[in-house]
Structures are given as structure tokens and as C-alpha cells.
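Student: I should like to go through this structure by asking how each label is justified. Could we take the assignments one at a time?

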Amino acid sequence: MQDALGSPQSALVLGGTSEIALATVRRLAEARCRKIVLAVRDPATAEAPAAELRARGVEVDVIEFDALDTPSHGKVIGDVFDGPTDIDLVLLAFGVLGDQASFDADPEAAADAARINYVGAVSCGLVVADRLRTQGHGTLVVLSSVAAERARRSNYVYGSTKAGLDAFAQGLGDALIGSGARVMVVRPGFVHTRMTAGMDAQPFSTTPDVVAAQITKGLERGSDTVWAPPIVRWMFVVLRHLPRRLWRIVSAR
Ligand SMILES: NC(=O)c1ccc[n+]([C@@H]2O[C@H](COP(=O)([O-])OP(=O)(O)OC[C@H]3O[C@@H](n4cnc5c(N)ncnc54)[C@H](OP(=O)(O)O)[C@@H]3O)[C@@H](O)[C@H]2O)c1
């Protein structure tokens, strides 16, 4: 059960090797979090982060999870909630960026990205919501993106998957009002992680730790939406209303 400051004592990370997610759980471990489940495609890839968290005094389980395998989600996530401790926080962190040129050449790869980022998230989100509702408490944190705000020519497949995910997460949050459970949507700008390695940084690019700090602050405040860094919120107040012609120029870099 999370404490009076909204700091969770247990967490499930879907996409448990995500650099943003790991920066977040490191911060949670510094606070009150004592139990973390890392749900990953290949458990070997989570060995190092699991060992690091254990060295901080956290009990860590690593479980197999694939966002594409939607029929398995009920059991994989259900087994975690059926364990001895309640789950205070679920961090939905999995996602793929891909690149638009490859998607143009290979529509099936684009469909796979949509299956991971949107279909997989809808499936997991609904399973988690059902469990949180039954528990009567807990927060689902969904890693959306500023890319959800407006499609860019250079990555509109990714942007469209995040727009779908963001709308889903907002609706789910509203549906959970009064249940004791809630959803917090996180919209990072450009973050330096392996997902963006080798790409030109965008204005106000940031680090996983800055996003993690905004997430923990949002949890303490009970926020519905978190932007990271916060200034990207105000950038998009303007950018989302630019005429299309102007947006095409601004978003081309
Ligand atoms: N980096 C950015 O600039 C940025 C900006 C805004 C939003 N985001 C979002 O933030 C989230 C985390 O990204 P990140 O920057 O931390 O990147 P990351 O380190 O590359 O993390 C992506 C995670 O997704 C997992 N994943 C991919 N496909 C999966 C599948 N089919 N099943 C299960 N897990 C799968 C990866 O697992 P493997 O280790 O198995 O590959 C990895 O754990 C993503 O949703 C991303 O879209 C990132």
C-alpha cells in the first residue's frame, strides 16, 4: 500500500529493461519501494538491473512478458497480482520507435510497432485496470510521448501509435474515477536512451533521470498528466495549434 506521500511500496514494470522505467524504479527504491517485478521479453537482459536493485535492498522478480502476446497478458499480469503483496504501481513502459523509412518499405514492421505500442498496451492496460479496481487502490503510469500530440512526417507511424495509446490511457483514467485506482499519463519529449541513440537531439532533449523525477513528483501530487521536461507542455500548447503548413516546416527538422 502506498504511503501518505503517494510513494509506492511495490511496482510492476511492463518493459522492465526500459531506461526510463529503470531510472524511475531506482528513485522509487530510494524512497519506500521494497518489491519490484520486472516483466521483460528476455529475462537475461534484466539480470544486471535486477542485481542493482537487489543491492539497494529491494526484492526483485524477473518474469517473461511479450507485449505482442496479448492472449498471455491476463495470466502473466494476473499471477503478479495474485502474489502475496498488493501492487501499488504499474509502469507501462514498453514501446518501439522504429523508423519511418523502414516502415514505408515494410508495412508489416509498421503493423508490428502498432501491435506493440497500441494493441499490446490496450490489452495490458485493461488487465491491470481490472486488477487495480479489485484491489481498490494503485496507479497505472503510461509512458506516452509528446509525439502523441501531433503527427510528424518523419515518424507518423510511431506518433499515431502514441496518440492512440494516450487517448486510451486518458479514457481509462476517467473510467477508473471512484474505484480507488488511477492512471497517470507521461508525455516525455526527446529522451537520451538506447531508443534514440544516434538520432539528432530535439530542442529541450532530456535524460531518463529527469523523466523519472517528473514521474515521482507526479505520483506525489496525484497528477493526471506529467510532461518531461515540464516546458514541453507549453511548447505544445503553441505547436498543436500551428497551421498545418507551418507545422510541416517546424516539425521537419
Ligand atoms: N526515449 C525517448 O525519447 C522517449 C520519448 C517519449 C516516450 N518514450 C517512451 O518511453 C517508453 C520507454 O522508452 P525508453 O526511452 O526507456 O526506451 P528503451 O530503453 O528502448 O525501452 C523500451 C522497452 O520496450 C521493451 N519492448 C519493446 N518491445 C517489446 C515487446 N514486444 N514486449 C515487451 N517489451 C518490449 C524493450 O524491451 P527489450 O529490452 O526486450 O528490447 C524495452 O524494455 C517507450 O514507450 C517509449 O515510446 C520514449
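Tutor: Let us begin with Glu59, which is partly exposed at a relative accessible area of 46%. The model is a predicted one.

Student: Why is Glu59 called partly exposed?

Tutor: Exposed requires over 50% relative accessible area and buried requires under 20%. Glu59 has 46%, so the residue is classed as partly exposed. Glu59 belongs to strand 3, and its C-alpha atom is 6.0 Å from that of Arg34, although 25 residues separate the two along the chain.

Student: What makes strand 3 an edge of the sheet?

Tutor: The sheet is open and has 7 strands in the order 3-2-1-4-5-6-7, with parallel pairing. Strand 3 (59-64) and strand 7 (225-228) each have a single partner strand, so each has one side without a neighbour in the sheet. From one strand to the next, the twist averages 15°.

Student: How do you know that strand 4 pairs with strand 1?

Tutor: Pairing requires at least two bridges between the strands. Strand 1 (residues 10-14) and strand 4 are joined by 4 bridges and run parallel, so the criterion is met. One of the partnerships is that of Ala11 with Leu89 in strand 4.

Student: What makes strand 5 a partner of both strand 4 and strand 6?

Tutor: The same threshold of at least two bridges applies. Strand 4 and strand 5 (residues 138-143) pair in the parallel sense over 4 bridges, with Leu92 partnered by Val142 in strand 5. Strand 5 and strand 6 (residues 181-188) also pair in the parallel sense, over 6 bridges, and Val141 has Met184 in strand 6 as its bridge partner. Both counts satisfy the threshold, so both pairings are accepted.

Student: Which way do the side chains of strand 4 point, and are they buried or exposed?

Tutor: In strand 4 (residues 89-92), Leu89 and Leu91 point one way, while Val90 and Leu92 point the other way. All of them are buried.

Student: How do you know that Arg56 and Glu30 form a salt bridge?

Tutor: The criterion is a side-chain nitrogen of Lys or Arg within 4 Å of a carboxyl oxygen of Asp or Glu. The closest N and O atoms of Arg56 and Glu30 are 3.6 Å apart, so the pair qualifies. Arg56 lies in the loop between helix 2 (47-55) and strand 3, and Glu30 lies in helix 1 (residues 19-30), so the contact ties together parts that are 26 residues apart in sequence. Arg56 is partly exposed at 35% relative accessible area, whereas Glu30 is exposed at 61%. Both residues belong to a network of salt bridges that also includes Arg26 and Glu52.

Student: What makes Glu149 and Arg240 a salt bridge?

Tutor: Their N to O distance is 3.5 Å, and the limit is 4 Å, so the pair is accepted. The two residues lie in distant parts of the chain, 91 residues apart: Glu149 in the loop between strand 5 and helix 6 (156-175), and Arg240 in the loop between helix 8 and helix 9 (244-250). Glu149 has 15% relative accessibility, which is under 20%, so this residue counts as buried. Arg240, at 43%, is partly exposed.

Student: How many salt bridges are found in the whole structure?

Tutor: The search finds 13. Another of them joins Glu108 and Arg115 at 3.1 Å, N to O. Glu108 is partly exposed at 45% relative accessibility, as is Arg115 at 33%.

Student: Why is Cys124 not assigned to a disulfide?

Tutor: A disulfide requires two cysteine sulfur atoms within 2.5 Å. The cysteine sulfur closest to that of Cys124 is in Cys33, 19 Å away, so the distance is too far for a bond. The count is 0 disulfides. Cys33 is buried at 0% relative accessibility, and Cys124 is likewise buried at 0%.

Student: What makes Val238 exposed?

Tutor: Its relative accessible area is 51%, and the label requires over 50%, so Val238 is exposed. Val238 is found in helix 8 (residues 231-239). Together with Trp234 and Val237, Val238 makes a nonpolar surface patch of about 310 Å².

Definitions and conventions: Residues are numbered from 1 along each chain as its sequence is written. This is a predicted model: local features need pLDDT of at least 70, side-chain atom pairs count only at pLDDT 80 or more; totals for chains, interfaces and linings use all residues. Side-chain values use heavy atoms; hydrogens and water are left out. Buried means under 20% relative accessible area, exposed over 50%, partly exposed in between (1.4 Å probe, protein chains only). Patches are made of residues with over 30% relative accessible area and no salt bridge: like charges are joined within 9 Å, nonpolar side chains (Val, Leu, Ile, Met, Phe, Trp, Tyr) within 5 Å. Accessible areas come from the Shrake-Rupley method with a 1.4 Å probe; for residues, only the protein chains shown count as cover. Axes are lines fitted to C-alpha atoms, for helices over the stretch in contact, and angles run from 0 to 180 degrees between N-to-C directions.
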